[in-house]
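The following exercises are to be worked with the coordinates at hand. Each task is followed by a solution in steps.

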Amino acid sequence: MNKFLVFLEQREGVVKKASLSLWNRVQEIAALQNNAVVSGILIGPADIRQLDGAMAGDGVVYHAKDDRYRLYSQEYYTGVIEDTFKREACTALFFADTAMSRDLAPRLSVRLQASLLSGSAVSDADEGGVLRPVYSGSFLASFVPKRHQCIFLLSSNAPLPAYSAGGNIRLIDVEPQNVSMEDIFPVVRQIVMRVGMPDVAEARIIVAGGRGMGGAEGFALLEQLALLLGGAIGASRAAVDEGWRPHAEQIGQTGKTVAPALYFACGISGAVQHLAGMGSAGIVVAINRDRHAPIFDVADYGLAGDVHIVLPKLIDSLKEFLKKQ
Ligand SMILES: Cc1cc2nc3c(=O)[nH]c(=O)nc-3n(C[C@H](O)[C@H](O)[C@H](O)COP(=O)(O)OP(=O)(O)OC[C@H]3O[C@@H](n4cnc5c(N)ncnc54)[C@H](O)[C@@H]3O)c2cc1C
């Protein structure tokens with residue numbers, strides 16, 4: 001019988017939405033594969049009440065909750081996951097595609113001698129491979145594992161499946177046996193960039209800007225809009241290459257893949273490499289002074305105009321609207 005292990009990533013004790021979404025996707029995959037067993041591994045202290053109603057299906061979550069593991073440690077996390085995977089004789093390990101997972105998955109692939117596959121979905125084919133968009137989403141390629149044991153790094157852009165709240169999840173505290181705290185580099189300091197704004201990879205609303213914002217100062221307008229809406233800032237590669245925004249905010253083929261409910265594309269032309277990262281967005285609002293810009297082809301609402309004129313008006317109207325609420 002197949003046994004799946006899902007890594008539930010926490011930061012500051014909060015389990016990432018991408019991990020919860022992944023858990024529910026893996027439950028769906030398990031149901032299709034003769035009811036494979038699904039377990040989770042959560043490392044570090046976390047308020048487990050947040051899992052209530054957010055996780056579908058049956059399963060066990062192994063929790064290594066010691067306070068020493070609050071901050072991410074490459075060696076320790078690798079050891080705990082390896083230990084759990086082997087102890088439970090799992091056949092597949094699933095990660096949501098995040099920075100932490102990209103760090104862990106290759107290491108675990110070597111330790112477990114498992115095939116590492118990254119993609120957007122697990123294919124239905126017998127081989128149990130993954131599907132991955134190639135050539136900026138023009139084609140879907142299927143990648144097949146060579147080994148029996150596999151590690152899947154699945155893009156976190158899929159919308160949350162409609163699941164019935166409240167699966168039957170059992171929590172088991174674990175203290176990994178084969179992981180030594182010796183030789184582990186202690187985390188001395190964690191630098192948190194910008195408190196108060198959601199992570200662009202997880203945000204429900206993204207206000208993204210491109211070269212058309214004209215400079216780093218142009219993004220101040222986008223920050224105002226994002227704050228009013230409770231959204232996150234995103235950027236095109238052109239804006240990042242110009243040094244106006246950090247790479248962590250880049251959306252697209254060589255940046256993050258996002259799936260917000262609402263996406264503002266301001267001064268962004270809509271190159272295929274950018275669309276590759278935001279193709280799963282719900283409602284797209286584009287503001288561009290070139291009415292023939294390709295971004296309008298994917299936009300639900302288009303405003304043909306200068307961002308420096310349109311955005312202040314939009315912000316003022318929104319403030320007025322929010323005042324009346
Ligand atoms: C291998 C590869 C990977 C790539 N990966 C990525 C990626 O991950 N993400 C990504 O975004 N790009 C990526 N690119 C780059 C991509 O091809 C485009 O060059 C980039 O997306 C363009 O960014 P932009 O839309 O901000 O700039 P531009 O294409 O220069 O567009 C600027 C837009 O702003 C509009 N504009 C200008 N001034 C104003 C104004 N005052 N008001 C309103 N509108 C205005 C213009 O009409 C124009 O449409 C990649 C390219 C390659 C080759």
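**Exercise 1. Place strand β4 in its sheet.**

Solution. Begin with one pair: I41 stands opposite Y62 in β5. That pair belongs to the parallel pairing of β4 with strand β5 (residues 58-64), which are joined by five bridges. Strands and helices here are DSSP runs numbered from the N terminus (strands: E, at least two residues; helices: H or I, at least four), and two strands pair if DSSP finds at least two bridges between them.

Next, turn to the pairing of β4 with β1, again parallel, with six bridges. Here L8 stands opposite L42 in β4. Finally, consider burial, defined as under 20% relative accessible area, with exposed over 50% and partly exposed in between (1.4 Å probe, protein chains only). Of the seven residues of β4 (residues 37-43), six are buried.

Before continuing, note the conventions. The model is predicted, so local features need pLDDT of at least 70 and side-chain atom pairs count only at pLDDT 80 or more, while totals for chains, interfaces and linings use all residues. Residues are numbered from 1 along each chain as its sequence is written, and side-chain values use heavy atoms, with hydrogens and water left out.

**Exercise 2. Give the strand order of the open three-stranded sheet and identify its edges.**

Solution. The order is β8-β9-β10, and the pairing is antiparallel. β8 (121-122) and β10 (139-143) each have a single partner strand, so one side of each lacks a neighbour in the sheet and both stand at the edges. Between β8 and β9 (residues 130-134) there are two bridges; in β9, V130 is the bridge partner of V122.

**Exercise 3. Check the length of helix α3 and describe its packing.**

Solution. First, the expected span is 1.5 Å times one less than the number of residues. For the 14 residues of α3 (residues 99-112) this should give 20 Å, and the end C-alpha atoms are 20 Å apart, so the two values agree.

Second, the buried residues of α3 are M100, S101, L104, A105, L108, S109 and L112. They pack against several elements, including α2 (74-87), β6 (92-96) and β11 (150-154), where contact means heavy atoms within 4.5 Å.

Third, inspect what follows the helix. Q113 comes after α3 and lies in the loop between α3 and β7. Its phi is near 50°, a positive value in a residue other than glycine. Q113 is partly exposed, because its relative accessibility is 45%.

**Exercise 4. Which residue between β2 and β3 is exposed, and what is its phi?**

Solution. The residue is E12, in the loop between β2 and β3 (14-15). E12 has a positive phi of about 55° without being a glycine. With a relative accessible area of 59%, E12 is exposed.

**Exercise 5. How many disulfides are there?**

Solution. Apply the criterion of two cysteine sulfur atoms within 2.5 Å. The count is zero. For C150, the nearest cysteine sulfur is that of C90, 12 Å away. C150 is buried at 6% relative accessibility, and C266 is buried at 0%.

**Exercise 6. Which residues come nearest to the ligand?**

Solution. Counting a residue as near if one of its heavy atoms lies within 4 Å, 25 residues surround the ligand, and R211, S236, T254, S269 and N288 come nearest. Then list polar contacts, here pairs of N or O atoms within 3.5 Å:

- S269: a side-chain N or O atom is 2.7 Å from a ligand oxygen.
- N288: a side-chain N or O atom is 2.8 Å from a ligand oxygen.
- D306: a polar side-chain atom lies 3.1 Å from a ligand nitrogen.

Conventions:
A polar contact is a pair of N or O atoms within 3.5 Å; within protein, one must be able to donate a hydrogen and the other to accept it, and residues adjacent in sequence count only if both atoms are side-chain atoms.
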